[in-house]
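Hi there,

Here is the structure I promised to pass on to you. Have a look at it first, and then read on for what turned up in it.

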Amino acid sequence: MTERRTGPESGPLRLGTRRSKLAMAQSGQVANAVSRVTGRSVELVEITTYGDVSRENLAQIGGTGVFVTALREALLRGEIDFAVHSLKDLPTAQPDNLALAAVPVREDARDVLVARDGLKFAELPDGARVGTGSPRRMAQLNAYARCHGMTIETVAIRGNVDTRIGYVRGGELDAVVLAAAGLNRIGRTDEVTEFLSVDMVLPAPGQGALAIECRAGHTAQDTALVAALAALDDPVTRAAVTAERSLLASLEAGCSAPVGALADLLADGQIVKEMRLRGVVGTTDGSTLVQLSTTGPVPETYDQAMALGRELAAEMLAKGAAGLMGERVH
């Protein structure tokens with residue numbers, strides 16, 4: 001006898017999540033929100049991804065997309081009903097058989113410094129060892145240091161938040177750079193020694209935002225779930241991250257390329273006038289950066305948000321961005 005899947009009005013919904021402390025924390029927050037809008041309980045289903053078990057450098061194993069594949073496969077096999085991803089980990093091309101059902105209100109998009117002795121970036125000693133797994137951060141930190149007469153050494157690291165901060169506590173590194181959103185979600189912002197201005201380091205496209213993904217309306221149950229999850233969508237966040245990811249895709253760059261992007265609203269008093277999109281591409285040693293911005297009306301459709309990203313990408317490519325990204329992704 002085959003197991004019958006519960007319909008959309010009965011039984012718990014199964015939420016697929018990575019096993020890390022951060023993934024469990026953000027999935028738990030989404031589970032509570034989904035319970036509120038659907039009236040159903042949500043159970044977390046822990047899934048191990050290749051990105052979690054491999055100790056290889058992320059760029060070598062396909063970038064942050066390796067965290068997404070196992071969750072998507074579980075979705076398509078019907079083992080889970082929906083999944084929560086860090087949006088910056090999602091490849092820019094959305095599969096036809098999966099729906100990005102909701103992008104909730106974005107957390108803090110900035111990067112943060114966790115340094116020894118409470119130091120801020122400008123106070124780091126000459127030759128300070130700064131750990132990060134991100135070519136994007138390396139490019140911008142090295143460029144900033146170069147501009148301000150500082151000498152730093154960026155050190156490639158991997159691991160969860162505990163592991164990374166442990167390198168500082170253990171004296172192996174002077175500082176590490178992490179995403180503010182992650183530390184906020186696990187309640188560890190008290191360890192931050194400086195919130196890095198986006199004028200200094202632009203975040204990864206989609207940083208601080210979550211993506212709630214489910215099957216794309218294969219059945220009445222899927223269609224009902226897509227509709228229910230849409231209640232958690234924040235249109236401004238979705239427009240912003242769509243523009244940022246459009247920039248990334250138009251540069252033909254993968255998730256691990258040294259590309260930063262941030263779309264934000266420009267207001268005149270209380271009236272929101274425009275959306276500004278800023279982008280940066282650089283060599284990891286910081287010797288060359290292409291950094292530009294564009295502004296336009298706040299996008300009201302997916303196509304308008306995509307157009308904003310494509311427009312800025314074209315300008316950046318015209319300024320030589322393609323040559324700064326290493327191997328391009330086709």
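A residue is called buried when its relative accessible area is under 20% and exposed when that area is over 50%, with partly exposed in between. Please keep in mind that this is a predicted model.

Let's try those words on two cysteines. Is Cys-214 buried or exposed? Its relative accessible area is 1%, which is under the 20% cut-off, so Cys-214 is buried. Cys-147, by contrast, has a relative accessible area of 66%. That is over 50%, so Cys-147 counts as exposed. As for disulfides, the structure holds 0 of them.

Next, the sheet. Five strands make up an open sheet with mixed pairing, and their order is E7-E6-E8-E5-E9. Strand E7 (152–156) and strand E9 (194–195) are the edge strands, each pairing on one side only. Helix H4 (residues 135–147) packs on this sheet, where it touches strand E5 (111–115), E6, E7 and strand E8 (175–179). The direction of H4 makes about 175 degrees with that of E7. Another helix, H5 (residues 161–169), lies across E5 and E8 and runs at about 155 degrees to E8.

Strand E6 (residues 128–132) is a good place to zoom in. E6 and E7 pair in the parallel sense, over 5 bridges. One of the residue pairs here is Arg-129 with its bridge partner in E7, Glu-153. To get from E6 to E7, the chain passes through H4, and this β-α-β crossover is right-handed. E6 also runs parallel to E8, joined to it by 2 bridges. For Gly-131, the bridge partner in E8 is Val-176. Why is E6 described as largely enclosed by the rest of the structure? The reason is that 4 of its 5 residues are buried.

Thr-132 makes a nice example within E6. Opposite Thr-132, in E7, stands Ala-156. The relative accessible area of Thr-132 is 0%, so this residue is buried. Which residues does Thr-132 contact, leaving aside its neighbours within four places in sequence? They are Arg-137, Met-138, Val-155, Ala-156, Ile-157 and Val-177.

Now for the nonpolar cores. The largest one has 19 residues, and among those with the most contacts inside it are Leu-247, Leu-251, Val-281 and Met-316. Two or more residues each come from helix H8 (235–250), strand E11 (259–268), strand E12 (271–282) and helix H9 (302–318). Of these elements, H8 gives the most, with 5 residues. If you click on Met-316, you can look for the residues it touches beyond four places away in sequence, including Leu-247, Leu-251, Val-281 and Leu-292. There is also a second, separate core of 17 residues, and Leu-15, Ala-33, Leu-210 and Cys-214 are included in it.

Last, a residue from H8 itself: Val-236. With a relative accessible area of 39%, which falls between the two cut-offs, Val-236 is partly exposed. Not counting neighbours within four places in sequence, Val-236 is in contact with Leu-265 and Met-275. How many residues separate Val-236 and Ala-263 in sequence? They are 27 residues apart, while their C-alpha atoms are 9.8 Å apart in space.

Enjoy exploring, and write back with any questions!

Best wishes

Key. Residues numbered from 1 in each chain as written. Predicted model: local features only at pLDDT ≥ 70, side-chain atom pairs only at ≥ 80, totals over all residues. Heavy atoms only, no water. Pairing = 2+ DSSP bridges. Contact = heavy atoms within 4.5 Å. Axes fitted to C-alpha atoms, helices over the stretch in contact; angles between N-to-C directions. Buried < 20%, exposed > 50% of the residue type's maximum accessible area, 1.4 Å probe, protein only. Core = buried A, V, L, I, M, F, W, Y, C linked by side-chain atoms within 4.5 Å. Right-handed = clockwise from strand over helix to strand, strands pointing away. Disulfide = S-S within 2.5 Å.
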